[in-house]
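This briefing deals with two topics: how the ligand is held, and how the domains are arranged. Please look over the sequence and the structure before reading on.

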Amino acid sequence: MAKRIVVVGASLAGLKAVEQLRGNGWTDAISVVGAEPWMPYDRSLLSRHLESAGVDARSSLGKPFLEALALPRSPLLGEVDWRLGNPAVSCSIEDKQLTLADGQRVRWDGLVIATGLRPRRLALHGHEEQRFVVHTLEDATRLRSRLTAGRKVTIVGAGFLACEIAATATQLGCAVTVIDSNTAPMERPLGSLVGRLLQRYQEARGVRFVLGQRVEGFSTSAIGELNGLRLSNGSLLPTEIVVETLGFQGNVNWLAGNGLDLHDGVLCNDRLQLPGHPGVVAVGDVARFVNPLYRAITQRPEHWAAPDETARRAAVSLTAQLLCRKPRTTPFRPLPQQESNLFSLRLQVIGAPGYGQKMCVLDGDPSQPLDDRSTLAIGYLKGTVVTGVLLVNLPHRTRAFRQLVANSLEEPQQEALEHA
Ligand SMILES: Cc1cc2nc3c(=O)[nH]c(=O)nc-3n(C[C@H](O)[C@H](O)[C@H](O)COP(=O)(O)OP(=O)(O)OC[C@H]3O[C@@H](n4cnc5c(N)ncnc54)[C@H](O)[C@@H]3O)c2cc1C
C-alpha cells in the first residue's frame, strides 16, 4: 500500500519540504494541510510591498498582489494533495494521525511540521477594529485599506518589520510614530549605535520614534473609538491605527499532548527530527535546533533562507527513515541571513550580530549620517569571533562577508577581518 507524508503548513517551508521530498526520491503520496486558503506565497513581500496589498489591478509589483506574491511551484512536485483553509487542530504522534478543523482525520507515515509563527499581541483588550498585525495576506490588505494620507499610525515595536511598515505608511502620507521600550530601533539584533544611525535616517524621512517607553493602555473617545495610547511615562500618544509588531511565537498548539518540547517552536535534533520520533521532522520558522556554529544555543531561525535549508536537511532525514536508507551524518550548521528594505537602504544581516559584544567597522563610516547611497559594513565580535555582519547597500559583497563570518565561526581568527 502507498505510503503518505503529510506536511502541515502550506507556506514557504511547506512548499520547500515538498520539493525536497520529491528531490530525495519520495514518489508516494504527499498531502499538504494549510490553515490559509491560498497556495504558498511570499510573506516577506507583505511588508516590503504593503502599498500594493489588496490592489487588484497592476500593483507596484507589476501584477495583481496575490499573483505577484505566489511562490513558484516546480513541475517536479508531481501530484500533491493540497488541503487548504482547513488547519490541523490536533495530532496524535503515537497513532500517526491528525485531526483537521472540519473533523477530517488524516493518517501519515511521515509528518513534516511547517506551521511557522504567529504574531505576539499587546496584552490589552478591545479596539480590535483599530488594531493590526502583518502576517497574512488578509492582515496586509486590511491594514493597507486604512493607511490613507493624514492618518495617525502608531507602530508598537521597532524591529525590522516595524521599520519596513513605518517606511511604507510614511510614504503613503500617514503620520507614523514607532514606539519601543528599547532605546534604539533594531537595538537587540544590531546594537544601539547602529540602531540610532538607522533611526536618524528614518527620522529624516518623516518617521517619528518614541523610545524607552511601553504601551500601558488605550485611550477611548466619547464615541468609543481608540484615540490614543497611554505610555509608561504617563503621556498620551494620539493615534487612530495601532500596528503591533512584538515578535512571533510558534504555531504549535495543535501538537500539544504528545510530550514534545514546544517551548518557542518545536525542539528538533540536528537532523530536524523530533527526539524519539524519527518519522516526524520540523522545518522553517517553527523548528528550533542547536546550531553548532553558535555552540550550545538553540535557534529558531525566523528568516527567508531557513525554510529552504531546513527542508533540505529534513527531507534527507525523513526519506532515509521511511525508505530505510542510511541517514546523513554531516553536521547541520546553517549561517542565518536576513534581508530588509528601509526606504532606499538595503540591509543584510549575516550570522547573529546579537551574540557579539563589540563592533568593528569593516567598511564605510558610521559617524556620518546615512543617506540613500551610503554603504556600510559592521562586524560584531565576541572575543575574536565574528558572530555576524550588517551590510548596508552592499549586496555585491554578500558572499565575501558570508565567508568571513562562516570562517570565523568555524575557526576563530582575527586576521579574517582584514581579508573581507
Ligand atoms: C510581514 C513579514 C515580512 C517578512 N520579511 C522578511 C524579510 O524581509 N526577510 C526575511 O529573511 N524574512 C522575512 N520574513 C520572515 C519570512 O517570511 C519567514 O521566515 C518565512 O515565511 C517562514 O516560512 P515558514 O513556512 O516557516 O512559516 P510561515 O510563512 O509562517 O508559514 C506557516 C504556515 O503554516 C500555516 N499554519 C499554521 N498553523 C497551522 C495549522 N495548525 N494547520 C495548518 N497550517 C497551519 C500558517 O497559516 C502559514 O500559512 C517576514 C515575515 C513576515 C510575516
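Which of the 33 residues around the ligand come nearest? They are Ser11, Ala13, Glu36, Arg43 and Arg48. The model is a predicted one, and its protein chain is divided into three parts: domain 1 (4-118 + 249-322), domain 2 (121-244) and domain 3 (344-419).

**Ligand surroundings**

- Ala13, one of the residues that come nearest to the ligand, has a polar backbone atom 2.8 Å from an oxygen atom of the ligand.
- Leu12 also places a backbone N or O atom by a ligand oxygen atom, at a distance of 3.4 Å.
- At Ala35, the partner is a nitrogen atom of the ligand, which lies 3.0 Å from a polar backbone atom of this residue.
- On its own, the ligand has 1000 Å² of accessible area, and the protein covers 93% of that.

**Domain layout**

- Domain 1 is assigned two segments, 4-118 and 249-322, while domain 2 is given as 121-244 and domain 3 as 344-419.
- Between the C-alpha centres of domain 1 and domain 3 the distance is 31 Å.

**Interface of domain 1 and domain 3**

- On the domain 1 side, five residues make contact, and on the domain 3 side, six residues do.
- About 540 Å² of area is buried between domain 1 and domain 3, with carbon and sulfur atoms giving 57% of it.
- The domain 1 side that touches domain 3 consists, by class, of three nonpolar residues, one polar residue and one charged residue.
- The number of salt bridges between domain 1 and domain 3 is zero.
- Residue pairs in polar contact across this interface, with both residues at pLDDT 80 or more, likewise number zero.

Terms used: Residues are numbered from 1 along each chain as its sequence is written. This is a predicted model: local features need pLDDT of at least 70, side-chain atom pairs count only at pLDDT 80 or more; totals for chains, interfaces and linings use all residues. Side-chain values use heavy atoms; hydrogens and water are left out. Domain bounds come from an automatic or database domain assignment. Contact means heavy atoms within 4.5 Å. Buried area is the accessible area (1.4 Å probe) that two parts lose on being put together, summed over both. A salt bridge is a side-chain nitrogen of Lys or Arg within 4 Å of a carboxyl oxygen of Asp or Glu. A polar contact is a pair of N or O atoms within 3.5 Å; within protein, one must be able to donate a hydrogen and the other to accept it, and residues adjacent in sequence count only if both atoms are side-chain atoms. Ala, Val, Leu, Ile, Met, Phe, Trp, Tyr, Cys and Pro count as nonpolar, Asp, Glu, Lys and Arg as charged, and the others, Gly among them, as polar. A residue is near a molecule or strand if one of its heavy atoms lies within 4 Å of it. Accessible areas come from the Shrake-Rupley method with a 1.4 Å probe; for residues, only the protein chains shown count as cover.
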